[in-house]
Amino acid sequence: MRFHPEPATSPSTIWHNAKYYHPSHPMLHIANRSDRFRFVRLSVEHQSTFARFLAALDANGDAEFFHPHGFDEDSSLEIVNRSLRGVDEYWLAVAGEDILAYGMLRGWDEGYDVPSLGLAVAPDHRGRGLARAMILHLHDRAASRGAIRIRLKVDRRNLSALRIYEAQGYRLDDHSATELIGFFELAAGHHMSTPDHELPFIPVASPDLSGNEERYVVEAVRSSWISSSGAFLDRFEAEFAAASDSRYALGVSNGTTALHLVLVGMNVQPGDEVIVPSMTYIATANAIRYCGGTPVFVDVDPNTWCITAAAIEAAITPRTRGAIVVHLLGQPADMDPIMKVASTHGLWIVEDAAEAPLATYKGRTVGSIGHAGTFSFYGNKLLTSGEGGAITFQDPHMERRYRMLRGQGMDPDRRYYFPIIGFNYRMTNVAAAILCGQIERRTAILERRRRIWGRYVKNLSRVPGITLRTENDWSKTSPWLFVCLVDECTFGVGRDQLAISLHEQRIETRPMFVPLHSLPPYRQAGPLPHLPVTDALGTSGIMLPTYTTLTDHDIDRICNAITRTGAGQLGRSCGAA
Ligand SMILES: Cc1ncc(COP(=O)(O)O)c(C=O)c1O
């Protein structure tokens, strides 16, 4: 017997049908390929299979469902008839010829606007997220019909059913446990879902300019100091140096120019090799190329996702001058062994801390451990001025050189005298004004973002097929964009399909960076080098919305959307598909 989908009848149904049936939708391919389940509304052609399904459940003696009737041919026909009348709804999760689960919403035929929900899952399909997927499907159906509450009845001895329903937010309603001996009534704690096109859009990042930023910008404008000197610039450099445990901090125009400036300061020349992780944003490698140097790409650590001392040491050649350590996505690299390797081999270390301002490694703030640190204040960063950057360093001999390089190479003591070729990489006083507003709220910004990361971890750590970066006790991360890894086989869909599904639910994401060694400017002739951790991160990582005004409710919405996307595919392994 073949099952056919019901025609779409409401916005929420359209979404569901699109998700599972629309011929041009990528999900269809996955659903068909792996024979994963789809929801179909019970109709007369399913009747005999349905009766067999119910009888099998009955014979199994498992009461993980409630239904007012016994499960013989007559009662199953009665159920089908109700479904056909279009009043009560009976849904099946089917895969191929099999019914895997059955869910009902009934009460409308008796005139209730609070329908009751019932559920049955075939015994050998339990524990695979199917009950949850069916409950969520029924919620959406109920919402599309205007219900604001769902009631369900569970046999009080049925502990596994109670657990499933409670996990979906249902609360026990003691007051209604009256003459229905042996049954509890549960009131739905759920908010009914809104049709997707009405959901508020959640961007991946959003600056928090809610402090003195505006006031300081107005002050800078009114003072007429809007160019590359002024009181805010001095204040920003002093405060950022202090916040970063560094002797010096210089404001520059962005994180890329910060890297370039530092590498010119390190005297990187054509032919020089600089070791970098392949898993980073392209600016890290581009800055080496701007100097004529050669980036040498290495793999990252599976726990920190950052470059390691061992990887650096293995890549050293007579041409190696130094390495750029990227504190990826806010996580500090393990710096002590890296600095040891550097000193053994006479290399310099630049910390690219664009994504990790204020993160600490064994109590030291990143950017203060290597020979220089670089930062970005782009709009999606933890501290932002729209565009902006900084370099940090400790060596007093370098201060003059960096200042000259930043300001066209002009001698600070002699106007229009240029002993070297420099760049215009200066930061404006207006950008510095915004940053002063950011820096004074850094603790609150860090705390809120840490709580966001914590909630993501709490919500996602047990979702099958989703992996999170492991914590360590020697560093304190700077919570930039939260990233999780999607294992297509276990989760049920891959990273890119998850991104499409979230996009449809008005949630913006970003894929993890494409490994640099595979990109056209850096790809070498011949087969790609195998950097297993980098390659895996590049294909499975997805960056989730992270910004201070993201609410707990937003995070739960994102996590529910993720869980639902996976649960909808039953989480079968690729091998079994
Ligand atoms: C690791 C890393 N390095 C450098 C940069 C470059 O910073 P910017 O965009 O400010 O030039 C970024 C920016 O996003 C980054 O993530």
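Biologist: What does the pLDDT do over residues 175-183 of this predicted model, and how many contacts beyond four places in sequence does the model have for them?

Modeller: The pLDDT remains under 50 throughout residues 175-183, and the model has 10 contacts beyond four places in sequence for this stretch. Predicted coordinates should not be read in detail where pLDDT is low.

Biologist: What are the pLDDT figures for the protein chain, and what is the pLDDT over residues 1-35?

Modeller: The protein chain has a mean pLDDT of 84, with 82% of its residues at 70 or more. Over residues 1-35 the pLDDT is below 50, although the model gives this stretch 53 contacts beyond near neighbours in sequence.

Biologist: What secondary structure does the protein chain have, and what share of its residues is buried?

Modeller: The protein chain has 19 helices and 21 strands. Of its 577 residues, 47% are buried. Among contacts with a separation of 6 or more, 69% join residues 24 or more positions apart.

Biologist: Why is Gly118 called buried, exposed or partly exposed?

Modeller: Gly118, in strand β4 (residues 116-121), has 19 other C-beta atoms within 10 Å. A buried residue needs 20 or more and an exposed one has 12 or fewer, so Gly118 is called partly exposed. Its C-alpha is 9.2 Å from that of Arg151, a residue 33 places away in sequence.

Biologist: And why does Asn267 belong to its exposure class?

Modeller: Asn267 has 12 C-beta neighbours inside 10 Å. The exposed class covers 12 or fewer, and therefore Asn267 counts as exposed. Asn267 lies in the loop between α9 and β9 (273-277).

Biologist: What makes the phi of Asn267 worth a remark?

Modeller: Its phi is positive, about 65°, although Asn267 is not a glycine. Most residues other than glycine have a negative phi. Asp245 likewise has a positive phi, about 60°, without being a glycine.

Biologist: Where is Asp245, and why is it placed in its exposure class?

Modeller: Asp245 is in the loop between α8 (231-243) and β8. With 18 C-beta neighbours inside 10 Å, Asp245 falls between the limits of 12 and 20 and is therefore partly exposed.

Biologist: Which residues of helix α13 are buried, and what covers them?

Modeller: In helix α13 (residues 396-406), the buried residues are Met398, Tyr402, Met404, Leu405 and Arg406. Their cover includes β8 (248-252), α9 (255-265) and β16 (389-393). Just after α13, Gln408 takes a positive phi of about 65°.

Biologist: Why are β14 and β18 placed where they are in their sheet?

Modeller: The open sheet has three strands in the order β14-β13-β18, paired antiparallel. β14 (364-365) and β18 (475-476) each have a single partner strand, so one side of each lacks a neighbour in the sheet and both stand at the edges.

Biologist: How do you know that β13 and β14 pair?

Modeller: Strand pairing needs at least two bridges. Strand β13 (residues 360-361) and β14 have two bridges, in the antiparallel sense; Thr365 in β14 is the bridge partner of Thr360.

Biologist: What surrounds the ligand, and what classes make up its shell?

Modeller: The ligand is surrounded by 14 residues, of which the closest are Asn254, Gly255, Thr256, Ala354 and Ser376. Both α9 and α10 (283-290) give two or more residues to this shell. By class, the shell has five nonpolar, seven polar and two charged residues.

Technical notes
Residues are numbered from 1 along each chain as its sequence is written. This is a predicted model: local features need pLDDT of at least 70, side-chain atom pairs count only at pLDDT 80 or more; totals for chains, interfaces and linings use all residues. pLDDT is the predictor's confidence in each residue, from 0 to 100. Two residues are in contact if their C-beta atoms, placed from the backbone, lie within 7 Å. Helices (H or I, at least four residues) and strands (E, at least two) are DSSP runs, numbered from the N terminus. A residue is near a molecule or strand if its C-beta atom, placed from the backbone, lies within 6 Å of it. Ala, Val, Leu, Ile, Met, Phe, Trp, Tyr, Cys and Pro count as nonpolar, Asp, Glu, Lys and Arg as charged, and the others, Gly among them, as polar.
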